[in-house]
Structure formats: structure tokens, C-alpha cells
Amino acid sequence: CEASTVCKYVQEDGSNRGTYGKLVCTNFKISFLDDDSASDDNEPQFKNKIVGENDITLQCVDQIYGGKKYPETLIIYCKDLRVFNFCLRYTKEEEVKRIVSGIVHHSQTPKLLKRLFLFSYASAAPNNTDGRNQTVMFETLEDWRDELERTKGNVKYKAVTTNEGYRVSEKLPLYFVVPMCISEESILKYEGRGIPIWCWSCHNGAALLKMSSFPKEQDDSTSQMQKAFLDGIYKTISKPPYELLRMDDLSSSLPSLQDIQTAYTRFKQLFLIDNSTDFWATDVKWFSLLESTNWLEIIRRVLKKAIEVAECLEIQHTNVLLIEESATDLCCVISSLVQVMMDSYSRTKSGFQSLIQKEWVIGGHSFLDRCNHLHKSEKEEAPVFLLLLNCVWQLVQQYPPAFEFTETYLTVLSDSLYVPIFSTFFFNSQHQRDTNKSGESLKTQSGPFRFLTVWDWSVQFDPKALAFLNNPLYAEKPKPDRSQRKTARFKHQRQLSLPLTQAKPSTKRGFFREETDHLIKNILGKRIGKFINSSDEPPNSLREFYDSWHSKPVDYHGLLLPRIDGPEIKVWAQRYLRWIPEAQLHGGGTIATAAKILDLMEEVQSLQVKMDEEHSQAVSGDVRSVPLLRNSARLSSLFPFALLQRQSVKPALPTSTWKDLEDEDDLVKRDDEFVDLSGDML
């Protein structure tokens, strides 16, 4: 459906200006087609070939607001934090009704899996590209055996074929790895529950394992049988003093999925801003609003848990078994983070992509339910994968030379969650993907669908844009130089981390304060979880490990530990502030540095070509081109997602606001002014 004479507002200093065009809704996306032909100056240098700046995929729509049967304005809030404000005042009533009901129906109502655009596209997808870019897909037994060999885990662990034909469980992958001593009979007994599944082996032989737990509500006889079964399993893999095992039930030591969803819902409201007035109104209470969401605190707790696991593996040479009901949510987050911190291969682009395939895609994370792509149940929705990317971003911005990829790579990866032409993030399990791969439901389709993988970045970006995904300063060799750890910190208009509170001075670092601290109690509401059976552990061994590592020079190809004191946990500025012109730094931000580096690289390459020409009288045809940022004076911290946008002057604060600020107690008592998402929903 489509509607003509629609005005797309551009909020500029409070006045409603905009451009006229046509609003179109297809089974793939909502598009605004501008009547004015765009000038070359406004052409973004980082252009997505599938989703343009005025396109919203149906899966990317978060909330829609109109207000009545024939709304004069239509506001669309997107999951990538864009806000579109359309004026329908001059559109025919018939078209208004059709476009509004069409958008709501296609983007908000429950749908069948095979109604996703993924299947329409896959029936006609090109099959002339593999596009894996050296990414290991973990779809074959050979892939798992190679990974075992790479990590030297093949001495104690084996890849099994027990689940071929999904005869054990539809939730488990076709192939997976278990300890040598686990029998096929044990795997079959409870459909894979209670079985330690291998994630990764440390250089010293200690391994990271995960296990799906039994349901808590069972009758006595069943639970007794399951307990006996688990005791038998533990005895086979825990053989002190040679093989030590530590268990961690993540459902009790980390926030629940509901807590994570609630925190993120609050957090994202701070960035769904489409005008200067709203921006500066929230700016007055920025720290209290940010803290009250609890999102940064959850990131800090997850990073702390990963440090605990790393300490067990690295220092205590102890196997760690992560336990969770399904072992496909927080288990994926912690196991992935630990591997990024401990295995430099996971910090390369292909290594990180292989890690996501192993732990998340094949590992059985319910992307379809957690992203609520089908709008079946909001109860199942939780930004678990986004939580991982936020945690990895903390490491990327603290230790840039250790990563082959950039924060821009992480940002476009997060955006790709909502692009339904790739199968990577649109199934709950390998079984679901395999059973839906046949094209029997489409009359015109014969044979299996050709699903694309998101790892083929050339589908979304041309070579010029792809250069922004690779880190030009990636350290190819270890550089243990202490001075390089001190990264430059840019002063943003809006501070991106919470300051350390001065209310209670403490001799300990902020992260290791006693849990009796009233602030921590108020934020968390319950004690920070610790490892099960950790009473015999010296209470300060984790702190010693953390402080000892941070007192030494960084080996960018060795173990990496994130800094997790209060102000060190920051807001992922590029992802959350990229559409807000008021938050930009004119000619600044990390992109200013990146732009200079890319310019220098192009200059060096052109000189290299000239030298080659002189020596061999032949021009090399395979020169890797890097984009030359000719308009570098126009860059801002919003680049590469947006060019320099409107100037915004901070308004003078009215006297009443200063009076509010003078009374701190009153400020704390007042409700946080989040964007109201409860009113007039269509």
C-alpha cells in the first residue's frame, strides 16, 4: 500500500519543516520516497545497499503512534533508535486509512514464520556467492573436530553424532562436543538435559562447559532420579585433584531475562528523541535517568561474571560449568565473552563471526522469540544478543588495537538483527532452520531455499563502506607497551558513563565495594551473585587477579580483562546517539581519528603504487582501496551513519529548573521523564 503527499518532518529548533514524498509499505519494509531528487552532497558515504536512510524493515519497527482513525501525524519508533515523524494532513483520507492499517498490520500483528520476507527473498536469492569470509559455520562434524584441535581440547572431549536426525532433541544442534567419558545412553536419557556440553578449552587444559538444567517443579521421585543422574555425571567429570569443576547457576547469579528486558526498555527511551526541546529537557537529569535504567549496571555485572570465569580457567586451572534452564541465553553471553577475553582468535573478524555461529546460531539461541520477530509473545522478548554486543563494545573501546573489527562493525551487526533477508538471526534453532529450508510451501519453488548468511557483508555494503568495518590499527603482533593502554578520552556534550559517587568514600575500588553499600543495594535490589560452592575460595582472590592483571602491560594477543569500575562502563555512543544531532561533536569523536588514519592509508597506498610502477612498469590491479574522506571538514561524531546535521544551541535554563535542581531530594523523588509509550497505541 502507499500514500502520496506525505510530509516527513525534520525537527529543526522546534519548527516543523520537512520534505514531501510518497510513503510505501511492502512485505519487506516501509519506505519514504522523497519527491526531491537527493543531491550528491547528501549521499552518505556509508551506504547500506538494502536498507536506505528512509527505509524501515518491518522487523525494525518498535512502536507506532497515531491517535485516531485518520491520524494527521504518524510517528514510528525503530529498534535501531531512529524516529520518523510523518504528517498525513494533506493526504487523502482513503490513503491514510490504507497506509496506517497496512503498516500496523504488517509490522505489529502476529504472523507465521513462513510469512517472513526471508522466505520470499530466499526463493529468488542469488546462489553465486558463498560469502562466509572464512567464517566457520559449525554445521558439520568436521567443523567441531577442527575447533577441538585448534583449542587442544581433543584430548578430553569428543564431537558426537548422537543427535543426527534430531533423535535426542530438537533444541540441540546436529553435532556438539561432550567429555570423553559421557556415554550415548546418558545423552539420550533426558533429551540432552543434565549433559555438560563443551564450549571452549583454555591453553592450560581447563575447559568452559554449559548445561541445561532440569525443570525445578518436579515430583519427588522424578527429582530424586534426576539428582542421582547429575551426581553420576559430576563424578565422571570432576576428579580432584586432577580435574577440578566449578559450577555456576547463571539464573541465580545474574539478572533474569525479564530484568534485562525492563532495563533495556527504560534505557532506549533516553535516545528515542526527535527534537531539540526533548533532548535538552532530559539533559538536565541525564545522570539520574541513566542510572535509574540499570542497563549499565547489568553490563557491569555480566562483565564481572566473565572475569570470575576467566580467573577460574586461567589461574585456578578449574573447569567451569555454566548452568541455565535452556543454556541458550546467559550461557551464550558469558561463554562468548570469556572467549573474546581469553582467545585472540575470537577478536579477529572471522573468529568473532565463527564464535557467534558456534555459541548462538548453532548453539540454539532463540533469536525469533528473543527479538519477537513474529510478534507472538512479548513475554519471551529480551535483548540478550544486544547485551553481548554492548559488553564486547566495552572491550573494543578500552583496547582498540586488540580487535580486528571496529565499533562500526558491531553497530551494523546489531542493525542486521532486523534485516530479514539473512537466515542468521531469524530462527530459534538449527532444527527449525533445517525443517523450514525445504521450499514445498511455495508453488514456484522447487528444492531448498537459498538462505543468505549475514556474514557476507558485500550484500549490504560496497567495498568503500566495508573499509569502515576493519580496524586499521589492529595489532598484528603483541605490543606489551604500557603507555599504549591509555586511550584518549573525548569530552562529549553528554557524559556517557556514570561518575563515581562521592557520597561514601571507600578505600576499595568502586567495583569491589562491600555489598552493604546502600547505593548498590538500591540499584540491584538483591545481592550480587557469586559462584556456587565458593565458600572455600579466598574472598579477595578475584580482586587480586583483577588488580594484578591491570598493573601489567597489555598483551593484545593474550588475556584481556575489561575495566569495570563505575565510570569505565560507558554508553555505546555510536549506536545510541547516531541519530541525535544535538549529541554530535563537530569534527570530533573517534571517527575523526579514524578518518585521518584512512586518509593516511590511502596516501601510503598511492605512493606504494607509484613505487611499484617505477620498479616494474606495471600497475598492480589488486590494490585494496580505502575511501578518501574529501569532506572531512564536514564530519561529525555521527559519521558514518549521518553527515553533519543541524546546529543546536543549548537553551538557557529557566529559573524554575534551577530551583528544582537545588533540592536534590525533590529531584530524586520526581518520576523520571521517559518518553511515554503507553498512550494512543494503534
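Ala327 sits in the loop that runs between β13 (319-324) and α11. In this predicted model, the phi of Ala327 is near 60 degrees, a positive value in a residue other than glycine. Most residues other than glycine have a negative phi, and most peptide bonds are trans. Ala327 has a relative accessible area of 7% and is therefore buried, the cut-off being under 20%.

A second positive phi is found at Leu81, where the angle is near 75 degrees, again in a residue other than glycine. Leu81 belongs to the loop between β6 and β7 (83-87). The relative accessibility of Leu81 is 3%, so this residue also counts as buried. The backbone has a further feature at Pro240 and Pro241: the peptide bond from Pro240 to Pro241 is cis, with omega near 0 degrees. Pro241 is placed in the loop between α5 (220-237) and β12 (245-249).

The loop of Ala327 leads to helix α11, which covers residues 330-342. This helix has 13 residues and reaches 18 Å from its first C-alpha to its last, close to the 18 Å expected at 1.5 Å a residue. Helix α11 is mostly covered, with 13 of its 13 residues buried.

For the protein chain as a whole, the model contains 23 helices and 13 strands. Of the 682 residues in the protein chain, 55% are buried. Among contacts in the protein chain between residues at least 6 apart in sequence, 72% join residues at least 24 apart.

The interior can be followed through its nonpolar cores. The largest nonpolar core has 159 residues, and those that touch the most other members are Phe271, Trp295, Phe352, Phe385, Leu410, Phe425 and Trp457. Helix α10 (residues 295-314) supplies the largest share of this core, 12 residues. At least three residues of the core come from each of domain 1 (2-109) and domain 2 (141-438 + 450-468). Apart from this core lies another, of 35 residues, which includes Val160, Ile182, Tyr234 and Ile362.

Phe352 shows what such a core position is surrounded by. Not counting residues up to four places away in sequence, Phe352 touches Val340, Tyr345, Ser346, Leu389, Val392, Phe405, Tyr409, Leu410 and Leu413.

Helix packing comes next. Two packed helices are described by the angle between their axes and the distance between the axes. Helix α10 packs with helix α14 (residues 384-398) at an angle of about 75 degrees, and their axes are 10 Å apart. Angles of 65 to 115 degrees count as roughly perpendicular, and α10 and α14 are therefore roughly perpendicular to each other. On the α10 side the contact involves Trp295, Ile298, Ile299, Val302 and Leu303, which meet Leu387, Asn390, Cys391 and Gln394 in α14. An α-helix has 3.6 residues a turn, so residues three or four places apart point the same way.

Another helix pair has a contrasting label. Helix α7 (residues 257-269) and helix α9 (residues 286-293) pack at an angle of about 160 degrees, with a separation of 8 Å between their axes. Since angles over 145 degrees count as roughly antiparallel, α7 is roughly antiparallel to α9. Ala263, Arg266 and Phe267 of α7 make the contact with Leu290, Ser292 and Thr293 of α9.

Two residues illustrate contacts across long stretches of sequence. Cys78 is in strand β6 (residues 73-78). With a relative accessibility of 1%, Cys78 counts as buried. Leaving aside neighbours within four places in sequence, Cys78 is in contact with Ile56, Cys60, Asp62, Phe84 and Leu272. Leu272 is 194 residues from Cys78 along the chain, and the C-alpha atoms of the two are separated by 8.5 Å.

Lys49 lies in the loop between β3 (29-34) and β4 (55-57). Its relative accessible area is 51%, so Lys49 is exposed, for which the cut-off is over 50%. Outside the neighbours within four places in sequence, Lys49 is in contact with Ser458, Val459, Gln460, Phe461 and Asp462. The C-alpha atoms of Lys49 and Phe461 are separated by 5.8 Å, although the two residues are 412 residues apart along the chain.

Notes: Residues are numbered from 1 along each chain as its sequence is written. This is a predicted model: local features need pLDDT of at least 70, side-chain atom pairs count only at pLDDT 80 or more; totals for chains, interfaces and linings use all residues. Side-chain values use heavy atoms; hydrogens and water are left out. A nonpolar core is a set of buried Ala, Val, Leu, Ile, Met, Phe, Trp, Tyr and Cys residues joined through side-chain atoms within 4.5 Å. Buried means under 20% relative accessible area, exposed over 50%, partly exposed in between (1.4 Å probe, protein chains only). Helices (H or I, at least four residues) and strands (E, at least two) are DSSP runs, numbered from the N terminus. Domain bounds come from an automatic or database domain assignment. Contact means heavy atoms within 4.5 Å. The expected span of a helix is 1.5 Å times one less than its number of residues. Axes are lines fitted to C-alpha atoms, for helices over the stretch in contact, and angles run from 0 to 180 degrees between N-to-C directions. Angles under 35 degrees count as roughly parallel, over 145 as roughly antiparallel, 65 to 115 as roughly perpendicular and the rest as oblique.
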